[in-house]
Amino acid sequence: MPQAENAAADRVFGASRIVYTAHRTGGHLLLGQLGTGRPALTASYDADNIFAKILRGEIPCHKVYEDDNVIAFMDVMPQSAGHTLIVPKAASRNLLDADPAVLAAVVPLLQRIAVAAKEAFGADGVSMMQFNEAAGGQTVYHLHFHVIPRYEGVPLQAHGRGMEDPGVLAANAEKLRAALEATG
Ligand code: AMP
């Protein structure tokens, strides 16, 4: 394969410091992540996204949980009462470029927060959502999971519209923190 069509560049993207190599096959530019064998990324990670700023403590959030790897806080535009976001700290744009080890570690916490949220908010069920790229419904480009308590006969509010009163968010965060402590 000609030099120009192979290994066009090695690049380091943003805070994640992941090295990529680009090459061309059959007219398609493929971005492969060295060392993992994972397939194409669509775009690079932007360390100035709003969740990265929350993770760095540059803007506030209604936090319900934090450990070395994950932070969870209330969604400011909840689709239903108690809507919570679980955000791995590792820099990835979404699920498509995430480290599988990060995904594996976050799933038990999704379960724990879903169980606690159902209890805390007296919900009848829980929806989990996760969006990838604009066409997939994503609006903030740092990997996150939505835990959304559901109530019999109550439809979801629109995604990412309608700011909740900060007092309501603070009260909901407190309820969820208490339920998480109660469930250990
Ligand atoms: P997604 O479309 O999956 O990227 O969802 C992004 C979510 O983040 C939406 O549900 C927004 O309501 C929520 N959101 C945006 N900015 C903030 C913020 N500063 N604090 C908490 N939630 C936010």
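**Core.** I looked up the largest nonpolar core: it has 27 residues, and Val64, Ala72, Ile86, Ile113, Ala117, Val147 and Leu176 touch the most other members. At least two residues of this core come from each of α1 (50-55), β5, β6, α2, β8 and α3. The most come from α2, with six residues. I note that this is a predicted model. I also keep the general rule in mind: in soluble globular proteins, nonpolar side chains tend to be buried together.

**Ile113.** I picked one core member and listed its contacts. Ile113 is in contact with Tyr65, Ala72, Thr84, Ile86 and Val147, leaving aside neighbours within four places in sequence. Two of these partners, Thr84 and Ile86, fall in β6 (84-88).

**Helix α2.** Next I checked the helix itself. It runs over residues 100-120, 21 residues in total. I expected a span of 30 Å because each residue should add 1.5 Å, and the end C-alpha atoms are indeed 30 Å apart. I then looked for bends. There is a kink of about 25° at Val106, shortly before the proline Pro108. Past the end of α2 comes Gly122, with a positive phi near 60°.

Which residues of α2 are buried? I find Val106, Ile113, Ala114, Ala116, Ala117 and Ala120. An α-helix has 3.6 residues a turn, so residues three or four places apart point the same way. The buried residues of α2 pack against five strands and one helix: β4 (63-66), β5 (70-74), β6 (84-88), β7 (125-129), β8 (145-150) and α3 (166-182).

**Arg177.** I moved to helix α3, where Arg177 lies. Buried or exposed? Arg177 counts as partly exposed, because 17 C-beta neighbours lie inside 10 Å. I also took its distance to Ala117 in α2. The two are 60 residues apart in sequence, yet 9.2 Å apart in space, C-alpha to C-alpha.

**Gln138.** I went on to the loop between β7 and β8, which holds Gln138. Gln138 has 19 other C-beta atoms within 10 Å, so I log it as partly exposed; buried would need 20 or more. Not counting residues up to four places away in sequence, Gln138 touches Asn94, Phe131, Asn132 and Glu133. I checked Arg93 too: 45 residues along the chain from Gln138, with 9.9 Å between the C-alpha atoms.

**Ligand.** Last, I looked at the ligand shell. It has 14 residues, and the closest are Val76, Met77, Phe131, Thr139 and Val140. Phe131 is also on the contact list of Gln138. I sorted the shell by type: eight nonpolar, five polar and one charged.

Terms used. Residues are numbered from 1 along each chain as its sequence is written. This is a predicted model: local features need pLDDT of at least 70, side-chain atom pairs count only at pLDDT 80 or more; totals for chains, interfaces and linings use all residues. Helices (H or I, at least four residues) and strands (E, at least two) are DSSP runs, numbered from the N terminus. The expected span of a helix is 1.5 Å times one less than its number of residues. The bend at a residue is the angle between axes fitted to the seven residues ending there and the seven starting there. A residue is buried if 20 or more other C-beta atoms lie within 10 Å of its own, exposed if 12 or fewer, and partly exposed in between; C-beta atoms are placed from the backbone. Two residues are in contact if their C-beta atoms, placed from the backbone, lie within 7 Å. A residue is near a molecule or strand if its C-beta atom, placed from the backbone, lies within 6 Å of it. Ala, Val, Leu, Ile, Met, Phe, Trp, Tyr, Cys and Pro count as nonpolar, Asp, Glu, Lys and Arg as charged, and the others, Gly among them, as polar. A nonpolar core is a set of buried Ala, Val, Leu, Ile, Met, Phe, Trp, Tyr and Cys residues joined through C-beta atoms within 7 Å.
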